[in-house]
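Open the model in your viewer and keep the selection tool at hand. Follow the stops in order.

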Amino acid sequence: MPPFHDGDFRDGGVLVMEPAADLFGGVRSRKRARVTAVPPCAFASVATEEEAVTSASAAKKQKRREAVPSLDELPDECLFEILRSVQGPRARCSSAGVSRRWLATLGGIRASEIKRSPSLPDLNEVFLAEDEDEVHFGCSQRSLEGHEATDVGLTAVAVADALRGRLESLVIRGSHPTRGVTDAGLSAAAHGCPSLLSLALWHVPQVTDAGLAEIAACCPSLARLDITGCPLITDKGLAAIAQGCPDLKTLTIEACPGVANEGLKAIGQCCAKLQAVNIKNCAHVGDQGVSSLVCSATASLAKVRLQGLGITDTSLAVIGYYGKAITDLTLARLPAVGERGFWVMANALGLQKLRCMSVSNCPGVTDVALTAIAKFCLSLKQLNLKKCSKVLDGSLKDFAESAKVLESLQIEECNKVTLMGILAFLLNCSPKFKAFSLVKCNGIKDICSAPAQLPLCKSLRSLTIKDCPGFTDASLAVVGMICPQLENVDLSGLGAVTDNGLLPLIKSSESGLVRVDLNGCENLTDATVSALVKAHGSSLARLSLEGCSKITDASLFAISEGCTDLAELDLSNCMVSDYGVAVLASASQLKLRVLSLSGCLKVTQKSVPFLGSMSASLEGLNLQFNFIGNHSVASLEKQLWWCDILA
């Protein structure tokens, strides 16, 4: 090994050795191995030189950047002038993608502020415009929901879709939790969409009157406005809409605590074409606002919905006198309105065009009120009563005798109505009456005895009795006996009804049943289905047996033999098996469009070949919650590629 010299280690030198001879397989190197001492100052000097070179290079690059002018340094006014001179929708959309600043600037340019080039059009631009027409054809509505609802997203929509004034409907549902839609985004939409006809703001808490003012200033053709859950919007915003959008036809205000009477006054005074008003859960809206609105729009207002308001009898009196054009009236949760309010509304003789009326949870609806409505609302065709606790059997009979053109009656959760009142109504209704619905009325009980002969209600075509626990076989037999012309029957949720109650209705129906819903009638058996198919198989188009746990393959055998026009069949949670599915699939005359086998635990993968051979008319197939595996479902999807399969 070569000797080491002391001089090589002076001043804290570092020992550096060349490779040893034994690293070359024992062959001695021709050159002497040397040990070189490198002082630390050498490394420091090299590093310093590299840093100096790097800093010099960075300085040169910085000088180059400073030497090159940047559009980012332009004032907003200059950038505005530049961008409003950009010609063509494609060019402006491309410019909007440069930066958020450019996007915001383009969003603030109104359609009227865009400079139009007086020169001859470029043929390429003409062709591009034709392509854009094809792309945007029919895309006149945009919707932003949840996390997508931001100012940037709304501005992008305004720039991309409305540069040519094509966006007509804008819906904003919810808002981003931290970067939600504000007045800035709404302003951009207003500037970019001057042809906007419909605007819906649902639960957008950061939008204020200033945003609505921009809409009013830029969108004079606005015809529909829906504001729901916007706490910062007040009467000032509605007043701006009233002044800027005189063509407003539909107004919906829900859960807006800042809206009171003055805003509705302004709408009524300025919007002469107003046709529909929906005011719901606005605590500060009272008689003054509603009365002023109805009085001012008496010639055009056709649809009124008032729910959860503190109005009194005064508002209903004004509606009854000035609502000469009203055809649809909905009154819900009006605790301060009494019997006198409904009576005066009817006796004012202004509701001569009223055709549809819905009343829910209003304590003022009594026998006297209903009788007055029937006598003086001569065009009333449809009446819905829900949670009207003071409606009794006597009022139903009087109503039936007075309502000469009534076609439909729905009674829901009116627990003082009994079967005697229902029979009295059906036996005294007008020849035009067609549909009767009874839902969740706990006062319905079986009558002890019924007359052997009862008058017939030959006009009734549709009967719905749902979730009435006291409605059993005796009640159904009586109703079926007096209604021989039924076509649509819905008995969902009548768990106490058995074959003995439904068979008389099936036999008494003369015109042929078309739609039958028996969901939840767990005591019905195959005998009912067999009788139904035998009597009405040629007319039956829809049959729903969901939850009828006693229905087996025997029903499918009857359906496959007797039904010719059946399009929808729901067998969810029934006891049908693979054999029944095979029989059903082999029926060549059946052209089912929708079939549900959800929850049929006896249906397994053995049914897949039979389901795959079903008619090409099948559009929907529900195979949830059974024992058909994912692999079999995938195979079935290939066979029925045109069908929507839910599994």
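The tour goes through a helix, then cysteines, then salt bridges.

**Stop 1: helix H18**

This is a predicted model. Select residues 499-508, which make up helix H18. How many of its ten residues are buried? Seven are, so H18 is mostly covered. Colour the buried set: Asp-499, Gly-501, Leu-502, Leu-503, Leu-505, Ile-506 and Ser-508.

What covers these residues? Show strand E15 (462-466) and helix H17 (473-482). Then add strand E16 (488-490) and helix H19 (526-536). These four elements are among the cover over the buried residues of H18.

**Stop 2: Ser-508**

Stay in H18 and centre on Ser-508. Ser-508 is one of the buried residues of the helix. Look for the backbone oxygen of Leu-505: a polar atom of the Ser-508 side chain lies 3.1 Å from it. Leu-505 is buried as well.

Which residues does Ser-508 touch, leaving aside those up to four places away in sequence? Select Gly-480, Met-481 and Pro-484.

**Stop 3: the cysteines**

Next, display the cysteine sulfurs. The count of disulfides is zero. Go to Cys-270, which is in no disulfide. The nearest cysteine sulfur belongs to Cys-271 and is 6.2 Å away. A disulfide would need the two sulfurs within 2.5 Å. Is Cys-270 buried or partly exposed? Its relative accessibility is 32%, so Cys-270 counts as partly exposed.

Move on to Cys-468, also in no disulfide. Here the nearest cysteine sulfur is that of Cys-441, 5.2 Å away. Cys-468 is buried, with a relative accessible area of 1%.

**Stop 4: two salt bridges**

Now turn to charged side chains. The structure holds ten salt bridges. Start with Arg-224 and Asp-226, whose closest N and O atoms are 3.8 Å apart. Check the surface at each end. Arg-224 has 32% relative accessibility and counts as partly exposed, while Asp-226, at 6%, counts as buried.

Select Asp-247 and Lys-273. Their side chains meet in a salt bridge, 3.2 Å from N to O. Where do the two residues lie? Asp-247 is in the loop between helix H9 (235-244) and strand E7 (250-254). Lys-273 is in the loop between helix H10 (261-270) and strand E8 (276-280). The pair therefore ties together parts that are 26 residues apart in sequence. Both ends count as partly exposed: Asp-247 at 28% relative accessibility, Lys-273 at 44%.

**Stop 5: Glu-619, Arg-593 and a network**

Select Glu-619 and Arg-593. This salt bridge has an N to O distance of 3.7 Å. Glu-619 sits in the loop between helix H22 (608-612) and strand E21 (620-622). Arg-593 sits in the loop between helix H21 (578-585) and strand E20 (594-596). Parts that are 26 residues apart in sequence are therefore tied together by this pair. Glu-619 is partly exposed at 47% relative accessibility, and Arg-593 is partly exposed at 32%.

Keep both residues on screen. Which residues do salt bridges with shared partners join into one network? Add Asp-517, Arg-542 and Glu-568 to Arg-593 and Glu-619, and the network is complete.

Key: Residues numbered from 1 in each chain as written. Predicted model: local features only at pLDDT ≥ 70, side-chain atom pairs only at ≥ 80, totals over all residues. Heavy atoms only, no water. Polar contact = N/O pair within 3.5 Å; in protein donor to acceptor, adjacent residues only side chain to side chain. Contact = heavy atoms within 4.5 Å. Buried < 20%, exposed > 50% of the residue type's maximum accessible area, 1.4 Å probe, protein only. Salt bridge = Lys/Arg side-chain N within 4 Å of Asp/Glu carboxyl O.
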